[in-house]
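Student: I would like to go through this chain by question and answer. Can we start with the overall layout and then move to the details?

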Amino acid sequence: MDQKYQKWRKWIKAIYKELQGVLIQRHIFWEVQKIIKSNPKIQIPSAFYGFLGNAYSSLGVTAIRRLTKSQRDSVSLTGLLKEVQESPEIMSEERYAALFSTDGPGPLKGEFEGICEGIVDNHIDPAVVKTELCRLSAKKANLEDFVDKKVAHLDKKELTGGVSAPTFNELDGCLDYLETLVKKYYLLLTAESVSDMMPTFQYDWKEIFYEPWIYRS
């Protein structure tokens, strides 16, 4: 059990890093959209804008596939949740409390139950995890179908119009739910709370837009 618990701790850190990278890409994409909307001079038809949208959506759905595709030889949030559902007794209040330093205060009364959103016999309720898996499956369904049949390779069904492209709302909605789940299990497995997965940039990445990229002759 300890070996599996330590594996979960390693997994959630890797999953956290992977998702954080996607959230950074999303932030940059939507900030660029704000720049475009605030400047009427650049609100003109451009293949570059289409490229930006396609690049973000392709990167996003592909990352979601990596994070949610449950395979024996891969690390994914779906795989982690399935293991937690199958062995909920490992995710116990005792193990959570042991993550705190003996020199400092431990978890508050009822903290573990609150984070788990339900416990059974002092461990996470597998029914809660099952519900999370079902919600995640519903949110990623169209995205996963699209990336499997359109992004990863050209499926024959695509030639007959059988695969619909997901919307930005679907993509962002799935990423938002992934962030909610990752923050929850990161806290349960590390005792470290994360209010926002977006890091603070140490430089102004928008500085490149303050100067013209092409000088007219």
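Student: Asn122 has a relative accessible area of 47%; which exposure class does that give?

Tutor: This is a predicted model, and the classes rest on computed areas. Exposed needs over 50% and buried needs under 20%. At 47%, Asn122 falls between those limits, so its class is partly exposed.

Student: Where in the chain does Asn122 lie?

Tutor: The phi of Asn122 is near 65°, a positive value in a residue other than glycine. Most residues other than glycine have a negative phi. As for its place, Asn122 is in the loop between strand E1 (119-120) and strand E2 (123-124).

Student: What is the phi of Ala191?

Tutor: Ala191 is in the segment after H7. Its relative accessible area is 21%, and buried would require under 20%, so Ala191 is partly exposed. Ala191 has a positive phi although it is not glycine, and the value is near 65°.

Student: Which order of helices and strands does the chain follow?

Tutor: The chain has seven helices and two strands. Its C-alpha atoms fill a box of roughly 70 × 45 × 25 Å along the principal axes. Read along the sequence, the pattern is α-α-α-α-α-β-β-α-α.

Student: What percentage of the residues in the chain is buried?

Tutor: A residue counts as buried when its relative accessible area is under 20%. The chain has 217 residues, and the buried part of them is 38%.

Student: Is helix H3 mostly covered or mostly open, and how many of its residues are buried?

Tutor: Helix H3 spans residues 77-86 and is mostly covered. Its buried residues are Leu77, Thr78, Gly79, Leu80, Leu81, Glu83 and Val84. Out of ten residues in H3, the number buried is seven.

Student: Glu83 is in that list; why does it count as buried?

Tutor: The cut-off for buried is under 20% relative accessible area. Glu83 meets it, so it counts as buried, at a relative accessibility of 16%.

Student: Which residue meets Glu83 in a salt bridge?

Tutor: The side chains come to 2.8 Å, N to O, in this salt bridge. Glu83 lies in helix H3 and its partner in helix H1, so the pair ties together parts that are 76 residues apart in sequence. The partner is partly exposed, with a relative accessible area of 28%. That residue is Lys7.

Student: How many salt bridges does the whole structure have, and which residues are linked with Arg26 in a network?

Tutor: A search of the whole structure finds ten salt bridges. One of them joins Arg26 and Asp172 at 3.7 Å, N to O. Another joins Asp176 and Arg26 at 2.9 Å, N to O. Arg26 is thus shared, and the residues linked with it in the network are Asp172 and Asp176.

Student: How far apart in sequence are Asp176 and Arg26?

Tutor: Asp176 and Arg26 meet in a salt bridge. This pair links distant parts of the chain, with Asp176 in helix H7 and Arg26 in helix H1. Their separation is 150 residues.

Student: Which exposure class does each of Arg26, Asp172 and Asp176 have?

Tutor: Arg26 has a relative accessible area of 14%, under the 20% limit, so it is buried. Asp172 is buried as well. At 38% relative accessibility, Asp176 counts as partly exposed.

Student: What is the volume of the largest pocket, and which residues are closest to its centre?

Tutor: The largest pocket has a volume of about 940 Å³. It is lined by 24 residues, and those closest to its centre are Ile42, Phe48, Tyr49, Phe209 and Trp213.

Student: How many residues of the pocket lining are nonpolar?

Tutor: Helix H1 (2-37) and helix H2 (47-68) each supply at least two residues of the lining. By class, the lining has three polar and three charged residues. The nonpolar residues number 18.

Student: What accessible area does the nonpolar surface patch with Tyr210 have?

Tutor: Tyr210 lies in the segment after helix H7 (168-190). Its relative accessible area is 55%, over the 50% limit, so Tyr210 is exposed. The patch is formed by Phe48, Phe51, Ile208, Phe209, Tyr210, Trp213 and Ile214. Together their accessible area is about 850 Å².

Notes: Residues numbered from 1 in each chain as written. Predicted model: local features only at pLDDT ≥ 70, side-chain atom pairs only at ≥ 80, totals over all residues. Heavy atoms only, no water. 1 Å grid on protein atoms, 1.4 Å probe; cavity = no way out; pocket = protein on both sides within 12 Å on 5 of 7 lines; lining within 4 Å. Points joined across faces, edges and corners; volume = space filled by probe spheres on them. Helix = DSSP H or I, 4+ residues; strand = E, 2+ residues; numbered from the N terminus. Nonpolar A, V, L, I, M, F, W, Y, C, P; charged D, E, K, R; others polar. Patch = residues over 30% accessible without salt bridge, like charges linked within 9 Å, V, L, I, M, F, W, Y side chains within 5 Å. Areas by Shrake-Rupley, 256 points an atom, 1.4 Å probe, with all protein chains shown as cover. Salt bridge = Lys/Arg side-chain N within 4 Å of Asp/Glu carboxyl O. Buried < 20%, exposed > 50% of the residue type's maximum accessible area, 1.4 Å probe, protein only.
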